[in-house]
Amino acid sequence: MEFKITDDKPAILGGEKAFTGRFSRWPVYGHSEEQALHEVLYSGQWGRLDGSMTAKFEAEYARVMGMKHCLATTGGTTALYTMLGALGIGPGDEVIIPAYTFVATYNVIVLNYALPILADTDINSFQIDPQKMGKAITKETKALMPVHMGGVPSDLDKIMAIAQKHKLPVIEDACQAPGSEWKGKKVGSYGIGGAFSFQSSKNLNCAEGGAVTTNDSTYYKACYAFHHQGQTDNAASFGTGEGTRGTNARMTEWQSRILLAQMVRQQEQDRIRSENAAYLSSLFSEIKGIYPAKLYSGATKVSYHLYMFRYDKAHFSGMSREKFIQALRAEGISTSTGYGRLNRDPYVLALGQNPYYLKIYGEKAMRQWAERNQCPQNDKLTGEQSLWLTQNVLLGSRTDMEQIAEAVRKIQKHAKELTLNS
Ligand SMILES: *Cc1c(COP(=O)(O)O)cnc(C)c1O
(Lines give C-alpha, C1' and ligand atoms only; values in the text may rest on other atoms or scores of the structure.)
Protein backbone atom coordinates (compact mmCIF):
# COMPACT_ATOMS: atom_id res chain seq x y z
CA MET A 1 0.00 0.00 0.00
CA GLU A 2 1.36 3.41 -0.94
CA PHE A 3 -0.47 5.37 1.72
CA LYS A 4 0.25 5.56 5.39
CA ILE A 5 -1.94 3.59 7.73
CA THR A 6 -2.49 5.89 10.65
CA ASP A 7 -3.33 4.80 14.12
CA ASP A 8 -5.89 7.58 14.46
CA LYS A 9 -9.01 7.16 16.46
CA PRO A 10 -12.25 7.01 14.51
CA ALA A 11 -13.79 10.47 14.15
CA ILE A 12 -16.89 9.29 15.98
CA LEU A 13 -14.65 8.71 19.02
CA GLY A 14 -13.06 12.13 18.73
CA GLY A 15 -10.30 11.35 16.23
CA GLU A 16 -9.58 13.26 13.04
CA LYS A 17 -11.71 12.75 9.96
CA ALA A 18 -10.19 10.30 7.49
CA PHE A 19 -11.78 12.04 4.54
CA THR A 20 -10.32 15.47 3.93
CA GLY A 21 -11.54 16.18 0.38
CA ARG A 22 -14.87 17.15 -1.08
CA PHE A 23 -17.04 14.86 -3.14
CA SER A 24 -17.80 15.99 -6.67
CA ARG A 25 -20.86 18.14 -7.16
CA TRP A 26 -23.54 16.63 -9.36
CA PRO A 27 -24.54 17.45 -12.04
CA VAL A 28 -21.36 18.67 -13.73
CA TYR A 29 -22.07 21.46 -16.22
CA GLY A 30 -20.68 24.60 -17.75
CA HIS A 31 -20.65 26.81 -20.76
CA SER A 32 -21.65 24.07 -23.22
CA GLU A 33 -24.90 23.40 -21.36
CA GLU A 34 -25.61 27.13 -21.15
CA GLN A 35 -25.12 27.39 -24.91
CA ALA A 36 -27.32 24.35 -25.45
CA LEU A 37 -30.26 25.92 -23.63
CA HIS A 38 -29.69 29.20 -25.41
CA GLU A 39 -29.71 27.45 -28.75
CA VAL A 40 -33.02 25.69 -28.13
CA LEU A 41 -34.61 28.82 -26.65
CA TYR A 42 -33.88 31.01 -29.65
CA SER A 43 -34.71 28.30 -32.17
CA GLY A 44 -38.28 28.62 -30.94
CA GLN A 45 -38.57 24.85 -31.50
CA TRP A 46 -39.03 23.36 -28.08
CA GLY A 47 -40.59 19.95 -28.76
CA ARG A 48 -39.58 17.04 -30.97
CA LEU A 49 -42.54 17.71 -33.22
CA ASP A 50 -41.10 21.20 -33.84
CA GLY A 51 -37.34 20.75 -34.00
CA SER A 52 -34.59 18.26 -34.78
CA MET A 53 -32.56 17.97 -31.53
CA THR A 54 -34.36 14.86 -30.28
CA ALA A 55 -33.78 13.05 -33.56
CA LYS A 56 -30.14 14.16 -33.36
CA PHE A 57 -29.77 12.88 -29.81
CA GLU A 58 -31.39 9.56 -30.76
CA ALA A 59 -28.99 9.11 -33.67
CA GLU A 60 -25.98 9.93 -31.47
CA TYR A 61 -27.09 7.68 -28.60
CA ALA A 62 -27.78 4.79 -31.00
CA ARG A 63 -24.33 5.29 -32.54
CA VAL A 64 -22.53 5.30 -29.18
CA MET A 65 -24.52 2.26 -28.03
CA GLY A 66 -23.83 0.43 -31.27
CA MET A 67 -27.52 -0.14 -31.86
CA LYS A 68 -29.85 0.44 -34.76
CA HIS A 69 -32.53 2.42 -32.99
CA CYS A 70 -32.95 4.75 -30.08
CA LEU A 71 -36.24 6.27 -28.99
CA ALA A 72 -36.03 9.14 -26.51
CA THR A 73 -38.74 9.26 -23.84
CA THR A 74 -39.76 11.46 -20.92
CA GLY A 75 -38.06 9.12 -18.45
CA GLY A 76 -36.74 5.66 -17.65
CA THR A 77 -40.11 4.66 -16.26
CA THR A 78 -41.90 5.70 -19.45
CA ALA A 79 -39.19 3.93 -21.49
CA LEU A 80 -40.01 0.69 -19.66
CA TYR A 81 -43.75 1.39 -19.87
CA THR A 82 -43.40 1.94 -23.61
CA MET A 83 -41.45 -1.31 -24.01
CA LEU A 84 -44.12 -3.31 -22.18
CA GLY A 85 -46.88 -1.50 -24.08
CA ALA A 86 -45.22 -2.28 -27.41
CA LEU A 87 -45.09 -5.96 -26.44
CA GLY A 88 -48.80 -5.83 -25.58
CA ILE A 89 -48.28 -7.02 -22.00
CA GLY A 90 -51.59 -6.89 -20.13
CA PRO A 91 -53.92 -8.32 -17.46
CA GLY A 92 -53.28 -12.02 -16.82
CA ASP A 93 -49.63 -11.85 -17.92
CA GLU A 94 -46.67 -12.37 -15.62
CA VAL A 95 -43.37 -10.49 -15.88
CA ILE A 96 -40.32 -11.53 -13.87
CA ILE A 97 -38.16 -8.84 -12.27
CA PRO A 98 -35.42 -8.86 -9.63
CA ALA A 99 -36.42 -8.31 -6.01
CA TYR A 100 -33.43 -5.99 -5.80
CA THR A 101 -34.40 -3.00 -7.91
CA PHE A 102 -35.93 0.45 -7.93
CA VAL A 103 -39.71 0.46 -7.52
CA ALA A 104 -40.18 1.78 -11.09
CA THR A 105 -39.34 -1.69 -12.47
CA TYR A 106 -42.29 -3.03 -10.50
CA ASN A 107 -44.62 -0.09 -11.14
CA VAL A 108 -44.59 -0.32 -14.94
CA ILE A 109 -45.86 -3.90 -14.77
CA VAL A 110 -48.62 -2.99 -12.35
CA LEU A 111 -49.65 -0.06 -14.56
CA ASN A 112 -50.47 -2.71 -17.18
CA TYR A 113 -52.36 -4.84 -14.63
CA ALA A 114 -49.86 -7.60 -15.26
CA LEU A 115 -48.44 -9.60 -12.36
CA PRO A 116 -44.86 -8.76 -11.28
CA ILE A 117 -43.00 -11.83 -10.06
CA LEU A 118 -39.96 -11.01 -7.94
CA ALA A 119 -36.96 -13.32 -8.29
CA ASP A 120 -34.32 -13.63 -5.59
CA THR A 121 -30.89 -12.00 -5.69
CA ASP A 122 -27.41 -13.38 -6.14
CA ILE A 123 -26.11 -11.87 -2.93
CA ASN A 124 -22.52 -11.73 -4.23
CA SER A 125 -23.33 -9.63 -7.29
CA PHE A 126 -26.50 -7.79 -6.10
CA GLN A 127 -28.04 -8.94 -9.43
CA ILE A 128 -31.00 -11.15 -10.25
CA ASP A 129 -30.17 -14.84 -9.71
CA PRO A 130 -30.75 -16.38 -13.18
CA GLN A 131 -31.59 -19.76 -11.66
CA LYS A 132 -34.32 -18.24 -9.48
CA MET A 133 -35.56 -16.29 -12.48
CA GLY A 134 -35.82 -19.52 -14.47
CA LYS A 135 -37.71 -21.25 -11.68
CA ALA A 136 -40.27 -18.43 -11.53
CA ILE A 137 -41.35 -18.96 -15.16
CA THR A 138 -44.89 -20.28 -15.70
CA LYS A 139 -47.09 -20.56 -18.78
CA GLU A 140 -48.38 -17.05 -17.97
CA THR A 141 -44.88 -15.50 -18.12
CA LYS A 142 -44.73 -13.07 -21.04
CA ALA A 143 -41.44 -11.27 -20.48
CA LEU A 144 -38.26 -11.27 -18.39
CA MET A 145 -37.05 -7.94 -17.09
CA PRO A 146 -33.58 -8.16 -15.56
CA VAL A 147 -32.01 -4.98 -14.17
CA HIS A 148 -28.32 -4.09 -14.43
CA MET A 149 -28.18 -2.87 -10.86
CA GLY A 150 -25.74 -0.13 -10.05
CA GLY A 151 -24.45 -0.22 -13.62
CA VAL A 152 -23.08 -3.73 -13.08
CA PRO A 153 -24.22 -6.08 -15.87
CA SER A 154 -26.40 -8.96 -14.70
CA ASP A 155 -25.46 -12.44 -15.94
CA LEU A 156 -26.65 -11.97 -19.52
CA ASP A 157 -25.35 -15.32 -20.81
CA LYS A 158 -27.47 -17.27 -18.38
CA ILE A 159 -30.46 -14.93 -18.66
CA MET A 160 -30.47 -15.05 -22.48
CA ALA A 161 -30.10 -18.85 -22.47
CA ILE A 162 -33.16 -19.19 -20.23
CA ALA A 163 -35.10 -16.68 -22.35
CA GLN A 164 -34.28 -18.57 -25.55
CA LYS A 165 -35.23 -21.89 -24.03
CA HIS A 166 -38.65 -20.51 -23.05
CA LYS A 167 -38.97 -18.23 -26.11
CA LEU A 168 -39.49 -15.18 -23.92
CA PRO A 169 -38.59 -11.57 -24.75
CA VAL A 170 -36.07 -9.89 -22.47
CA ILE A 171 -36.49 -6.23 -21.60
CA GLU A 172 -33.24 -5.02 -20.07
CA ASP A 173 -33.77 -2.38 -17.42
CA ALA A 174 -30.48 -0.63 -18.09
CA CYS A 175 -31.59 2.60 -16.39
CA GLN A 176 -28.48 2.56 -14.21
CA ALA A 177 -26.11 1.21 -16.83
CA PRO A 178 -25.60 3.52 -19.83
CA GLY A 179 -22.21 2.52 -21.27
CA SER A 180 -21.78 -0.78 -19.44
CA GLU A 181 -20.79 -3.73 -21.59
CA TRP A 182 -21.20 -7.49 -21.56
CA LYS A 183 -18.55 -9.31 -23.59
CA GLY A 184 -17.70 -6.12 -25.45
CA LYS A 185 -21.27 -5.19 -26.41
CA LYS A 186 -23.37 -2.57 -24.67
CA VAL A 187 -26.00 -3.77 -22.22
CA GLY A 188 -29.43 -2.96 -23.57
CA SER A 189 -28.56 -4.73 -26.83
CA TYR A 190 -28.95 -8.32 -25.65
CA GLY A 191 -32.68 -8.53 -25.15
CA ILE A 192 -35.38 -7.20 -27.45
CA GLY A 193 -34.22 -3.84 -26.17
CA GLY A 194 -32.99 -1.81 -23.24
CA ALA A 195 -34.44 1.05 -21.19
CA PHE A 196 -32.28 3.92 -19.95
CA SER A 197 -32.93 6.73 -17.49
CA PHE A 198 -31.54 10.26 -17.63
CA GLN A 199 -33.08 11.33 -14.33
CA SER A 200 -31.07 13.75 -12.13
CA SER A 201 -29.20 11.12 -10.13
CA LYS A 202 -28.20 9.03 -13.14
CA ASN A 203 -24.80 9.06 -14.86
CA LEU A 204 -26.20 10.74 -17.98
CA ASN A 205 -28.59 13.41 -16.82
CA CYS A 206 -31.12 15.90 -18.16
CA ALA A 207 -33.26 16.05 -14.97
CA GLU A 208 -35.98 13.80 -16.39
CA GLY A 209 -35.55 11.73 -19.51
CA GLY A 210 -35.09 8.23 -20.83
CA ALA A 211 -34.57 6.10 -23.90
CA VAL A 212 -35.41 2.77 -25.46
CA THR A 213 -32.68 1.11 -27.53
CA THR A 214 -33.27 -1.81 -29.87
CA ASN A 215 -31.93 -3.51 -32.99
CA ASP A 216 -35.41 -4.72 -33.94
CA SER A 217 -37.00 -2.31 -36.43
CA THR A 218 -40.52 -3.69 -36.01
CA TYR A 219 -40.28 -3.38 -32.26
CA TYR A 220 -38.85 0.13 -32.60
CA LYS A 221 -41.89 1.16 -34.66
CA ALA A 222 -44.23 -0.30 -32.06
CA CYS A 223 -42.39 1.59 -29.30
CA TYR A 224 -42.49 4.78 -31.33
CA ALA A 225 -46.23 4.41 -31.85
CA PHE A 226 -46.86 3.67 -28.17
CA HIS A 227 -44.97 6.77 -27.02
CA HIS A 228 -46.73 8.93 -29.64
CA GLN A 229 -50.44 8.34 -29.00
CA GLY A 230 -50.39 5.13 -31.02
CA GLN A 231 -49.43 7.01 -34.20
CA THR A 232 -46.61 6.36 -36.64
CA ASP A 233 -45.73 9.79 -37.95
CA ASN A 234 -43.08 12.00 -36.49
CA ALA A 235 -45.26 14.94 -37.41
CA ALA A 236 -48.03 16.59 -35.45
CA SER A 237 -50.56 15.21 -37.92
CA PHE A 238 -52.38 12.11 -36.77
CA GLY A 239 -54.45 9.55 -38.56
CA THR A 240 -51.89 6.94 -39.56
CA GLY A 241 -52.33 4.95 -36.36
CA GLU A 242 -50.29 1.80 -35.92
CA GLY A 243 -50.49 0.69 -32.28
CA THR A 244 -53.72 -0.20 -30.56
CA ARG A 245 -52.85 1.79 -27.46
CA GLY A 246 -50.62 4.73 -26.76
CA THR A 247 -49.62 7.65 -24.62
CA ASN A 248 -47.48 10.76 -24.88
CA ALA A 249 -43.94 10.10 -23.68
CA ARG A 250 -42.10 12.39 -26.09
CA MET A 251 -38.85 13.99 -24.99
CA THR A 252 -38.47 17.76 -25.39
CA GLU A 253 -35.73 19.52 -27.34
CA TRP A 254 -34.38 20.99 -24.10
CA GLN A 255 -33.71 17.56 -22.69
CA SER A 256 -32.23 16.26 -25.95
CA ARG A 257 -29.90 19.21 -26.39
CA ILE A 258 -28.69 19.02 -22.77
CA LEU A 259 -28.06 15.30 -23.21
CA LEU A 260 -25.95 15.97 -26.29
CA ALA A 261 -23.84 18.35 -24.20
CA GLN A 262 -23.64 15.91 -21.26
CA MET A 263 -22.67 13.01 -23.52
CA VAL A 264 -19.45 14.84 -24.35
CA ARG A 265 -18.52 14.57 -20.66
CA GLN A 266 -19.79 11.05 -20.10
CA GLN A 267 -16.95 8.95 -21.48
CA GLU A 268 -14.31 10.62 -19.35
CA GLN A 269 -16.56 10.44 -16.28
CA ASP A 270 -17.15 6.73 -16.89
CA ARG A 271 -13.41 6.15 -17.13
CA ILE A 272 -12.76 7.94 -13.82
CA ARG A 273 -15.57 6.09 -12.05
CA SER A 274 -14.48 2.70 -13.22
CA GLU A 275 -10.80 3.29 -12.37
CA ASN A 276 -11.72 4.53 -8.90
CA ALA A 277 -14.12 1.64 -8.34
CA ALA A 278 -11.46 -0.90 -9.32
CA TYR A 279 -8.95 0.80 -7.01
CA LEU A 280 -11.41 0.94 -4.11
CA SER A 281 -12.25 -2.74 -4.62
CA SER A 282 -8.55 -3.61 -4.49
CA LEU A 283 -8.21 -1.67 -1.23
CA PHE A 284 -11.37 -3.28 0.20
CA SER A 285 -10.09 -6.74 -0.74
CA GLU A 286 -7.60 -6.37 2.10
CA ILE A 287 -10.32 -5.63 4.64
CA LYS A 288 -12.17 -8.64 6.03
CA GLY A 289 -15.93 -8.25 6.15
CA ILE A 290 -16.19 -5.74 3.27
CA TYR A 291 -17.21 -7.34 -0.02
CA PRO A 292 -17.64 -5.25 -3.19
CA ALA A 293 -20.38 -6.43 -5.54
CA LYS A 294 -18.90 -9.24 -7.61
CA LEU A 295 -18.55 -8.64 -11.34
CA TYR A 296 -19.39 -11.60 -13.57
CA SER A 297 -16.62 -12.55 -15.99
CA GLY A 298 -18.73 -11.31 -18.94
CA ALA A 299 -18.76 -7.77 -17.55
CA THR A 300 -16.14 -6.17 -19.79
CA LYS A 301 -17.07 -2.58 -18.94
CA VAL A 302 -18.88 -1.26 -15.90
CA SER A 303 -20.12 2.32 -15.86
CA TYR A 304 -20.78 2.45 -12.15
CA HIS A 305 -23.96 4.21 -11.10
CA LEU A 306 -23.59 2.90 -7.58
CA TYR A 307 -20.66 1.36 -5.79
CA MET A 308 -22.44 -1.49 -4.03
CA PHE A 309 -20.75 -3.49 -1.31
CA ARG A 310 -21.62 -5.79 1.56
CA TYR A 311 -20.82 -5.30 5.21
CA ASP A 312 -20.44 -8.35 7.44
CA LYS A 313 -20.65 -7.31 11.07
CA ALA A 314 -19.02 -10.59 12.16
CA HIS A 315 -15.71 -8.98 11.17
CA PHE A 316 -16.55 -5.75 13.02
CA SER A 317 -17.10 -7.13 16.52
CA GLY A 318 -20.82 -7.44 15.81
CA MET A 319 -21.24 -3.69 15.21
CA SER A 320 -24.56 -2.97 13.52
CA ARG A 321 -24.66 -1.69 9.95
CA GLU A 322 -26.37 1.47 11.24
CA LYS A 323 -23.51 2.18 13.61
CA PHE A 324 -21.02 1.56 10.81
CA ILE A 325 -22.85 4.11 8.62
CA GLN A 326 -22.78 6.62 11.50
CA ALA A 327 -19.08 6.07 12.03
CA LEU A 328 -18.38 6.54 8.33
CA ARG A 329 -20.47 9.72 8.29
CA ALA A 330 -18.35 11.07 11.13
CA GLU A 331 -15.31 10.39 8.92
CA GLY A 332 -16.88 12.58 6.23
CA ILE A 333 -18.14 9.74 4.03
CA SER A 334 -21.80 9.29 3.33
CA THR A 335 -23.16 5.84 2.58
CA SER A 336 -26.66 4.43 2.56
CA THR A 337 -28.21 1.00 2.87
CA GLY A 338 -29.85 1.46 -0.54
CA TYR A 339 -32.98 -0.37 -1.61
CA GLY A 340 -35.01 -2.20 0.99
CA ARG A 341 -37.00 -5.40 0.79
CA LEU A 342 -39.25 -4.66 -2.17
CA ASN A 343 -40.99 -8.03 -1.88
CA ARG A 344 -42.04 -7.20 1.69
CA ASP A 345 -42.77 -3.53 1.23
CA PRO A 346 -46.31 -2.62 2.42
CA TYR A 347 -46.81 -0.78 -0.88
CA VAL A 348 -46.06 -3.96 -2.83
CA LEU A 349 -47.96 -6.28 -0.49
CA ALA A 350 -51.07 -4.09 -0.85
CA LEU A 351 -51.38 -5.35 -4.43
CA GLY A 352 -52.75 -8.57 -2.90
CA GLN A 353 -55.85 -6.59 -1.87
CA ASN A 354 -56.16 -4.50 -5.02
CA PRO A 355 -59.77 -5.01 -6.25
CA TYR A 356 -58.75 -5.14 -9.91
CA TYR A 357 -56.05 -7.70 -9.22
CA LEU A 358 -58.53 -9.80 -7.23
CA LYS A 359 -60.94 -9.56 -10.16
CA ILE A 360 -58.33 -10.49 -12.79
CA TYR A 361 -56.33 -13.16 -10.94
CA GLY A 362 -58.63 -14.31 -8.13
CA GLU A 363 -58.06 -14.46 -4.38
CA LYS A 364 -56.16 -17.72 -4.39
CA ALA A 365 -53.65 -16.60 -7.01
CA MET A 366 -53.05 -13.32 -5.17
CA ARG A 367 -52.46 -15.19 -1.90
CA GLN A 368 -50.00 -17.46 -3.71
CA TRP A 369 -48.40 -14.41 -5.28
CA ALA A 370 -47.10 -13.20 -1.91
CA GLU A 371 -45.69 -16.69 -1.33
CA ARG A 372 -44.04 -16.79 -4.75
CA ASN A 373 -42.25 -13.54 -3.96
CA GLN A 374 -40.30 -14.93 -1.00
CA CYS A 375 -36.66 -13.91 -1.49
CA PRO A 376 -34.53 -14.99 1.48
CA GLN A 377 -31.21 -14.00 -0.08
CA ASN A 378 -32.52 -10.53 -0.88
CA ASP A 379 -33.90 -10.24 2.67
CA LYS A 380 -30.44 -10.96 4.02
CA LEU A 381 -28.73 -8.59 1.60
CA THR A 382 -31.03 -5.61 2.14
CA GLY A 383 -31.80 -6.27 5.81
CA GLU A 384 -28.24 -6.75 7.03
CA GLN A 385 -25.47 -6.22 4.52
CA SER A 386 -25.98 -3.90 1.56
CA LEU A 387 -24.28 -0.51 1.37
CA TRP A 388 -23.92 2.04 -1.41
CA LEU A 389 -21.64 4.85 -2.37
CA THR A 390 -23.17 7.03 -5.08
CA GLN A 391 -21.61 7.63 -8.49
CA ASN A 392 -20.35 11.17 -7.72
CA VAL A 393 -18.14 9.73 -4.95
CA LEU A 394 -16.37 7.73 -7.67
CA LEU A 395 -15.67 10.94 -9.60
CA GLY A 396 -13.11 11.85 -6.92
CA SER A 397 -9.39 11.20 -6.73
CA ARG A 398 -7.34 8.12 -5.89
CA THR A 399 -6.59 9.78 -2.56
CA ASP A 400 -10.34 9.92 -1.90
CA MET A 401 -10.54 6.15 -2.40
CA GLU A 402 -7.56 5.60 -0.09
CA GLN A 403 -9.19 7.74 2.59
CA ILE A 404 -12.45 5.80 2.31
CA ALA A 405 -10.57 2.53 2.78
CA GLU A 406 -8.60 4.03 5.64
CA ALA A 407 -11.79 5.18 7.35
CA VAL A 408 -13.17 1.65 7.18
CA ARG A 409 -9.94 0.21 8.52
CA LYS A 410 -9.91 2.65 11.44
CA ILE A 411 -13.52 1.83 12.28
CA GLN A 412 -12.79 -1.89 12.10
CA LYS A 413 -9.80 -1.56 14.39
CA HIS A 414 -11.92 0.18 17.02
CA ALA A 415 -15.10 -1.77 16.33
CA LYS A 416 -15.25 -3.32 19.77
CA GLU A 417 -15.05 0.03 21.48
CA LEU A 418 -17.64 1.46 19.09
CA THR A 419 -20.02 -1.41 19.74
CA LEU A 420 -19.75 -0.96 23.51
CA ASN A 421 -20.35 2.75 23.09
CA SER A 422 -23.65 2.38 21.29
C1 LIG B 1 -34.03 5.34 -12.30
C2 LIG B 1 -34.55 3.99 -12.59
C3 LIG B 1 -35.76 3.78 -13.27
C4 LIG B 1 -36.70 4.89 -13.61
O5 LIG B 1 -36.17 5.92 -14.32
P6 LIG B 1 -36.81 7.40 -14.22
O7 LIG B 1 -36.06 8.15 -15.26
O8 LIG B 1 -36.61 7.91 -12.85
O9 LIG B 1 -38.25 7.28 -14.58
C10 LIG B 1 -36.13 2.48 -13.55
N11 LIG B 1 -35.39 1.44 -13.18
C12 LIG B 1 -34.22 1.59 -12.52
C13 LIG B 1 -33.43 0.38 -12.15
C14 LIG B 1 -33.78 2.86 -12.19
O15 LIG B 1 -32.65 3.00 -11.49
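Trainee: What makes the link between Lys 202 and the ligand a polar contact?

Mentor: A ligand oxygen is 3.1 Å from an N or O atom in the Lys 202 side chain. A polar contact is a pair of N or O atoms within 3.5 Å, so this pair qualifies. Thr 77 has such a pair at 2.5 Å, and Gln 176 at 2.8 Å. This is a predicted model: local features need pLDDT of at least 70, side-chain atom pairs 80 or more, while totals for chains, interfaces and linings use all residues. Residues are numbered from 1 along each chain, and side-chain values use heavy atoms, without hydrogens or water.

Trainee: How many residues surround the ligand?

Mentor: 15, with a heavy atom within 4 Å as the test. Gly 76 and Ser 197 are among the closest.

Trainee: Why is α3 called roughly perpendicular to α7?

Mentor: Helix α3 (residues 76-87) packs on α7 (residues 217-227) at about 115°, axes 8 Å apart. Roughly perpendicular covers 65 to 115 degrees (under 35 is roughly parallel, over 145 roughly antiparallel, the rest oblique), so α3 counts as roughly perpendicular to α7. Helices here are DSSP runs of H or I, at least four residues; strands are E, at least two.

Trainee: Which residues of α3 and α7 meet?

Mentor: Among them, Tyr 81 and Leu 84 in α3, and Cys 223 and Phe 226 in α7. Contact means heavy atoms within 4.5 Å. The residues in this contact are nine nonpolar, three polar and no charged.

Trainee: What makes Lys 167 stand out?

Mentor: Its phi is positive, about 55°, although Lys 167 is not a glycine. Most residues other than glycine have a negative phi. Lys 167 lies in the loop between α6 (156-166) and β7 (171-173).

Technical notes. Axes are lines fitted to C-alpha atoms, for helices over the stretch in contact, and angles run from 0 to 180 degrees between N-to-C directions. Ala, Val, Leu, Ile, Met, Phe, Trp, Tyr, Cys and Pro count as nonpolar, Asp, Glu, Lys and Arg as charged, and the others, Gly among them, as polar. A polar contact is a pair of N or O atoms within 3.5 Å; within protein, one must be able to donate a hydrogen and the other to accept it, and residues adjacent in sequence count only if both atoms are side-chain atoms.
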